[in-house]
Amino acid sequence: MADLSQRDYEHMLDMAVAVLESRTPESMWHLVGQEILEVLHATTTIFVDLHWREKTGHSEGWAPEWVGRTPLAELVGRRMRQQHPLFRYTASGERRPATVDEVCDRMDWLRSDCYHEAYEIYGTTRQMALPLPATGEVIRGFIMGRPGKDFTRRETALAARLQPLLRSVDIHVREMRRLRRIDEGAGEQADPEQKARGLGITPRELTVLNVLAEGLTAAAIARRLGISVRTVHAHLDRLYRKLGTRDRLSTVLLAEDLGLTRSNGA
């Protein structure tokens, strides 16, 4: 695998920090997309979640917000109907980052409707897929594009290094959405995130706190959030300091009293 630079790792750290500081799941993939534009020297980045056989699905985030003059949903739907080679590649179960040239004949790509429309709308001639874990024929991940030279071996290696981070982001986004649904079902009440901010508790620490309140062990929390047990303990240590508690039980009880946790009975 190609060697990565210090700046490559700095970009990955910047991406992680940006996501963990975000308080809304809707903005996270946009933040990630913007970082990917810079890290992989792309001009377009689209995040998709699609079912290949049924030709259904949606995009959860993207950068830039509009790709050329075409609304994203319309663009993604057309790519599905056109049998985009990177969509076919990902739907087959492949998870390694790959460029169009790696998965199909170059001349076939140049003659395709996908290529001509991409070039005419926003000048893209090269594309790469960065898949995320999915089941069956689900296409889930990023499709990057740019004009000029193809994505290099170093850039595909960097994309592969990004995959574990993006998988954790994916889990984090889903968990935040789950907790939000619990909040919405609980009716009108004080915003736990606002209370957490007042105590200096970060969004990620608040997520860990709410999962802790479900009675999960550190190992189970780690599995739920896609992080290491060591990272869970680090979050718990910071929560103990900020709340002035010394163990999990007192932390959960205080958090409930302060309105920091969601009611799972909603």
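**Entry 1: Phe47 and Phe142**

I began with two phenylalanines in this predicted model: Phe47 is buried, and Phe142 is buried as well. I then looked up how many aromatic pairs there are, and the count is three. Phe47 and Phe142 form one such pair, with 5.0 Å from centre to centre and 50° between the planes, and it is tilted. I also noted where the two rings sit: Phe47 belongs to strand S1 and Phe142 to strand S5, 95 residues apart, and the pair thereby links distant parts of the chain.

**Entry 2: the tyrosines of H7**

Next I turned to Tyr115 and Tyr119. Their ring centres are 6.2 Å apart and their planes are at 5°, so I have this pair down as stacked. A stacked pair needs planes under 30 degrees apart. Both residues are in helix H7 (residues 113-122); they are four residues apart, which means a separation of about one helical turn.

Are these two tyrosines buried or exposed? I find Tyr115 at 13% relative accessibility, so it counts as buried. Tyr119 has a relative accessible area of 47% and is therefore partly exposed. The cut-offs I needed here are under 20% for buried and over 50% for exposed. Trp109 comes in too, as ring pairs link Trp109, Tyr115 and Tyr119 into a cluster.

While at H7, I listed its buried residues: Cys114, Tyr115, Glu117, Ala118 and Tyr122. What do they pack against? I found strand S1, helix H3 (72-81), helix H6 (106-111) and strand S4 (126-131). Just after H7, I noted Gly123 with a positive phi of about 75°.

**Entry 3: strand S1**

S1 had now come up twice, and I went back to it. The strand spans residues 44-51 and is mostly covered, with seven of its eight residues buried. S1 and S5 (residues 138-146) run antiparallel and are joined by eight bridges. As a landmark in the pairing I marked His51, which stands opposite Val138 in S5.

**Entry 4: Ile36**

I looked up Ile36 next, and its place is in helix H2 (residues 25-39). Its relative accessible area is 0%, so Ile36 is buried. Which residues does Ile36 contact, leaving aside its neighbours within four places in sequence? I found Met15, His41, Thr45, Phe142, Met144 and Leu166. Phe142 is familiar from my first entry, as the partner of Phe47 in the tilted pair. For Met15 I checked the spacing: Ile36 and Met15 are 21 residues apart in sequence, and their C-alpha atoms are 8.7 Å apart in space.

**Entry 5: H11 against H12**

Two packed helices are described by the angle between their axes and the distance between the axes. I looked up both for helix H11 (residues 218-225) and helix H12 (residues 229-243): the angle is about 105° and the axes are 8 Å apart. H11 and H12 are therefore roughly perpendicular to each other. On the H11 side, Ala218, Ala219, Ile221 and Ala222 meet Val229, Val232 and His233 of H12. By class, I recorded six nonpolar residues, one polar and no charged ones in this contact.

**Entry 6: the chain as a whole**

To close, I took stock of the chain. Its secondary structure comes to 13 helices and five strands. Of its 266 residues, 50% are buried. Among contacts with a separation of 6 or more, 67% are between residues 24 or more positions apart.

Key:
Residues are numbered from 1 along each chain as its sequence is written. This is a predicted model: local features need pLDDT of at least 70, side-chain atom pairs count only at pLDDT 80 or more; totals for chains, interfaces and linings use all residues. Side-chain values use heavy atoms; hydrogens and water are left out. Axes are lines fitted to C-alpha atoms, for helices over the stretch in contact, and angles run from 0 to 180 degrees between N-to-C directions. Helices (H or I, at least four residues) and strands (E, at least two) are DSSP runs, numbered from the N terminus. Angles under 35 degrees count as roughly parallel, over 145 as roughly antiparallel, 65 to 115 as roughly perpendicular and the rest as oblique. Contact means heavy atoms within 4.5 Å. Ala, Val, Leu, Ile, Met, Phe, Trp, Tyr, Cys and Pro count as nonpolar, Asp, Glu, Lys and Arg as charged, and the others, Gly among them, as polar. Buried means under 20% relative accessible area, exposed over 50%, partly exposed in between (1.4 Å probe, protein chains only). Two strands pair if DSSP finds at least two bridges between them. Rings of Phe, Tyr and Trp (its six-membered ring) pair if their centres lie within 6.5 Å; planes under 30 degrees apart count as stacked, over 60 as edge-to-face and the rest as tilted.
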